[in-house]
Amino acid sequence: MLQIGDEVVYFSAVFLLVVLGTRSATGASLLTACLYVFMLMFRFPPVPADQAGRVLRPRAPAGGVPVVALRGGSFDAPENTVAAIREASRNGATGVELDLSFTADGVPILMHDDTVDRTTNGSGPVGNLQLAQLKKLDAAARHRLKDKFTGEKVPTLQEAVEECIRHQLTIFFDVEGQADKATSVLHEMYKKFPVLYNSSIVSSFEPKVIYKMRQTDARVVTALIHRPWRLSRFGDGTSRTLSTSGQLWMGFLDVLLDWAHHHILWKLCGVSAILVQKDFVSLDYIQYWAERGVEVVGWIVNTAVEKNYYQNVLKIGYITDSLLEDSDPHD
């Protein structure tokens, strides 16, 4: 857990920064005290360690670590489908990562993109299509193994959850945006399937989603997703903006967000894990979070060399596109 010394350092840093910016020790003291009181009053404690352990360290092959299939294993089967969930189980995954989205009529479904263009034979924004329209699409149409999975449908959230429970897979619910709607739907899913409290985790890049989830149901295991320089750079390292001023501003925001993730947000939300882009994970980094009672999970680990490193050196769970072979990395 967080040590008292850490809190002293963090709030001292805030005090010094405010003093430098305002030249007022009184104002800095007041602001720092308000921040401290805010943290005490509004932060959520993490779920019990044994519950988090059941979710984050489920059964694994002898001597192995938990392996989570991204979108059900997007290289091995059409992503975010029931077929992908079945393939992930068959190939030895301990869990699956699934992306939550909504149809025009408000039905929660699985879909990563804002549109259906990349993964189906349809086109247009997901939010503009009714469930009945989505169910007519072929979710395998653009997959490399489309002939094997012809006719696979876009599943509802409940269909996917039921399939995961059937195969005893841990679920990583990935939520981006629509915090109120997403947390409400997930809360209902947890009430309908209580087994999820010990076999699933809600994760997001957006702290407000995680905070809202804990606010809605404090018993849910949660995780923040983090990639350094995410605001200023794409996954391949290229800049998101061409202007120098834009790069500097977004870079500053990245530094601020990185600091907040590691010193404020994780504790405010009471997360049990942090999901970090694979290239930024090390033994020291894992130890840093272990001292705070937080598990590290790496993503996206797609080559045999990387998997061996995670299995035998880092010895932590990881998220991958394929349980069977090497595949190209992506953001």
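A residue is called buried here when its relative accessible area is under 20%. In this predicted model, Cys164 has a relative accessible area of 0%, so Cys164 falls under that cut-off and is buried. Cys269 is likewise buried, at 2% relative accessibility. A disulfide is a covalent bond between the sulfur atoms of two cysteines. The structure contains zero disulfides.

The chain has 331 residues, of which 50% count as buried. Its secondary structure comprises 11 helices and nine strands. When contacts between residues at least 6 apart in sequence are considered, 61% of them join residues at least 24 apart. The exposed area of the chain is about 15,600 Å², and 59% of this area is supplied by carbon and sulfur atoms.

Two helices were examined for their buried residues. In helix α4, which spans residues 82-90, the buried residues are Val82, Ala83, Ala84, Ile85, Glu87 and Ala88. The elements that cover these buried residues of α4 include β1 (67-70), β2 and α6 (157-166). Gly92 follows α4 and has a positive phi, near 100°.

Helix α8 covers residues 207-216, and its buried residues are Pro207, Val209, Ile210, Met213 and Arg214. Viewed down the axis of α8, these buried residues lie within an arc of 160°, so they line one face of the helix. In general, an α-helix has 3.6 residues a turn, so residues three or four places apart point the same way. The buried residues of α8 pack against two helices, α7 (179-192) and α9 (244-269), and against two strands, β5 (200-204) and β6 (222-226).

On the surface, Trp229, Val255 and Phe280 make a nonpolar patch of about 290 Å². Phe280 is placed in the loop between β7 (273-277) and α10 (283-290). The relative accessibility of Phe280 is 37%, and this residue therefore counts as partly exposed, a class that runs from the 20% limit for buried to the 50% limit for exposed.

Ala104 is in the loop that connects β2 (95-102) and β3 (108-110). With a relative accessibility of 37%, Ala104 counts as partly exposed. Leaving out residues up to four places away in sequence, Ala104 touches Val126, Gly127, Asn128, Leu129 and Gln130. Ala104 and Gln130 are 26 residues apart along the chain, and their C-alpha atoms are separated by 5.0 Å.

Several loop positions were noted for their backbone geometry. Most residues other than glycine have a negative phi, and most peptide bonds are trans. Gln168 is not a glycine, yet its phi is positive, about 55°. Gln168 belongs to the loop between α6 and β4 (170-174), and at 61% relative accessibility Gln168 counts as exposed. Lys315 is another residue other than glycine with a positive phi, here near 55°; the position of Lys315 is in the loop between α11 and β9 (318-320). The peptide bond from Trp299 to Ile300 is cis, and its omega is near -15°. Ile300 lies in the loop between β8 (295-299) and α11 (304-314).

Definitions and conventions: Residues are numbered from 1 along each chain as its sequence is written. This is a predicted model: local features need pLDDT of at least 70, side-chain atom pairs count only at pLDDT 80 or more; totals for chains, interfaces and linings use all residues. Side-chain values use heavy atoms; hydrogens and water are left out. A disulfide is a pair of cysteine sulfur atoms within 2.5 Å. Buried means under 20% relative accessible area, exposed over 50%, partly exposed in between (1.4 Å probe, protein chains only). Patches are made of residues with over 30% relative accessible area and no salt bridge: like charges are joined within 9 Å, nonpolar side chains (Val, Leu, Ile, Met, Phe, Trp, Tyr) within 5 Å. Accessible areas come from the Shrake-Rupley method with a 1.4 Å probe; for residues, only the protein chains shown count as cover. A salt bridge is a side-chain nitrogen of Lys or Arg within 4 Å of a carboxyl oxygen of Asp or Glu. Helices (H or I, at least four residues) and strands (E, at least two) are DSSP runs, numbered from the N terminus. The arc is that of the directions from the helix axis to the C-beta atoms. Contact means heavy atoms within 4.5 Å.
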